[in-house]
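Please load the model in your viewer, with a cartoon for the chain and sticks available for selections. The stops below go from the whole chain to individual residues, and each says what to select next.

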Amino acid sequence: MSGSSQIVVVEDEVAQRQAIVQYLQRHGMKAVGVGDGAALRREVQRAVPSLVLLDIRLPGEDGFSLLRYLRETCPGAGAIMVSAICETADRVAGLEAGADDFVSKPFEPRELLARIRSVLRRTESAAASPLSRSQVAMGQWVLDMARRTLLGADGTDAAGREERLAPGEFTLLKMFAENPNRPLSRDWLLEATSHREAEAFDRAIDLRVARLRRKIEPDTAHPEIIRTVRGVGYMFVPKTF
Ligand code: CA
């Protein structure tokens, strides 16, 4: 982890915001606090953050809306959602929108720090990985890691087309691309894409796989690119047409 990681804490409660910022600074991190979406946007325009700690309930624009904004403007930045109550619906919505992790209030500062470090390690190693700049063939499609999108492969029916991916879909597809021909369990996929205990989100992976298959499989009834491995989960089989 580089010492230049810049963390933005979005929290409307002043005392909480200051406490978190000071705690992170005491642990050698560069952290700034902002109270709402407008201030976050100003901060992002000034300097792209390494990671944003995002309270969900905010005055004006809420955390989900700000997460979508972050994913569009700085897709490489880590995002940890902070929810006042541990609501499964919030967690699933955040995962779908591309959050890297979740923390429920009240949280232990040490737990927060550990989660921040873990997300930073992943986002920084992803940025350094050659795969993050490459393209991976998936049937008639090519997953473009830099543009986070699916492009139709030359010489196929899909040629010239572009299929946009939701952040959660991209994260999952990238995980498949990085682990070809290897059966991946739902638990592992959930762990790898969200770093959360799996149970509450078991269906989230299935839903995302179903949506991805509708995008890339020629015949969704008989998927050949993202195959189901009975009793385990899923496996990406790189096969060109
Ligand atoms: Ca709040």
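## The whole chain

Of the 241 residues in the protein chain, 50% are buried, where buried means under 20% relative accessible area, exposed means over 50%, and partly exposed lies in between, computed with a 1.4 Å probe on protein chains only. This is a predicted model, in which local features need pLDDT of at least 70 and side-chain atom pairs count only at pLDDT 80 or more, whereas totals for chains, interfaces and linings use all residues. Residues are numbered from 1 along each chain as its sequence is written, and side-chain values use heavy atoms, with hydrogens and water left out.

Colour by secondary structure, and the protein chain shows eight helices and 12 strands; these are DSSP runs, helices being H or I over at least four residues and strands being E over at least two, numbered from the N terminus. With a surface switched on, the protein chain exposes about 11,500 Å², of which carbon and sulfur atoms supply 50%; the areas come from the Shrake-Rupley method with a 1.4 Å probe, and for residues only the protein chains shown count as cover. Among contacts (heavy atoms within 4.5 Å) between residues at least 6 apart in sequence, 56% join residues at least 24 apart.

## The parallel sheet

Select the five strands of the open sheet whose order is β2-β1-β3-β4-β5 and whose pairing is parallel; two strands pair if DSSP finds at least two bridges between them. At its edges are β2 (30–34) and β5 (101–104), each of which pairs on one side only. Neighbouring strands here are turned by 20° against each other on average, direction ignored; axes are lines fitted to C-alpha atoms, for helices over the stretch in contact, and angles run from 0 to 180 degrees between N-to-C directions.

Now zoom in on β4 (residues 78–83), which runs parallel to β5 and is joined to it by four bridges; serine 83 has serine 104 as its bridge partner in β5. Adding helix α1 (residues 14–26) shows it lying across β1 (6–10), β2 and β3 (51–55), at about 170° to β2.

Next select helix α4 (residues 88–96), whose buried residues are Asp90, Arg91, Gly94 and Leu95. Viewed down the axis of α4, these buried residues fall within an arc of 130°, so they line one face of the helix; the arc is that of the directions from the helix axis to the C-beta atoms. Glycine 98 follows α4 and has a positive phi, near 100°.

## The calcium ion

Which residues coordinate the calcium ion? Select Asp12 (OD), Asp55 (OD) and Arg57 (O), which lie at 2.2 to 2.4 Å, and note that the donor spacing in sequence is D-x42-D-x1-R. Donors are N, O and S atoms within 2.8 Å of the metal (3.2 Å for Na, K and Ca), and water is not among the atoms, so sites may look incomplete. Aspartate 55, at 2% relative accessibility, counts as buried, whereas arginine 57 is partly exposed with a relative accessible area of 43%.

## Two backbone details

Move to the loop between β5 and α5 (109–128), where proline 106 lies; the peptide bond from lysine 105 to proline 106 is cis, with omega near -5°. Then go to the loop between α6 (167–178) and β10 (184–185), the place of asparagine 181, which has a positive phi of about 55° although it is not a glycine. For comparison, most residues other than glycine have a negative phi, and most peptide bonds are trans.

## The antiparallel sheet

Select the open sheet of four strands in the order β6-β7-β8-β9, with antiparallel pairing. β6 (135–138) and β9 (162–164) stand at the edges with a single partner strand each, so one side of each has no neighbour in the sheet. Between β7 (residues 141–144) and β8 (residues 149–152) there are four antiparallel bridges, and tryptophan 141 has glycine 152 as its bridge partner in β8. Helix α6 packs on this sheet, touching β6, β7, β8 and β9, and its direction makes about 105° with that of β7.

## Tryptophan 188 and the last hairpin

Finish with tryptophan 188 in helix α7 (residues 186–194), which counts as partly exposed at 30% relative accessibility. Neighbours within four places in sequence aside, tryptophan 188 is in contact with Met175, Asn179 and Arg182. A distance label between the C-alpha atoms of tryptophan 188 and glycine 233, 45 residues apart along the chain, should read 8.9 Å. Strand β11 (residues 226–229) runs antiparallel to β12 (residues 233–236), joined by four bridges, and in their hairpin, with three residues between the strands, glycine 231 takes a positive phi near 80°.
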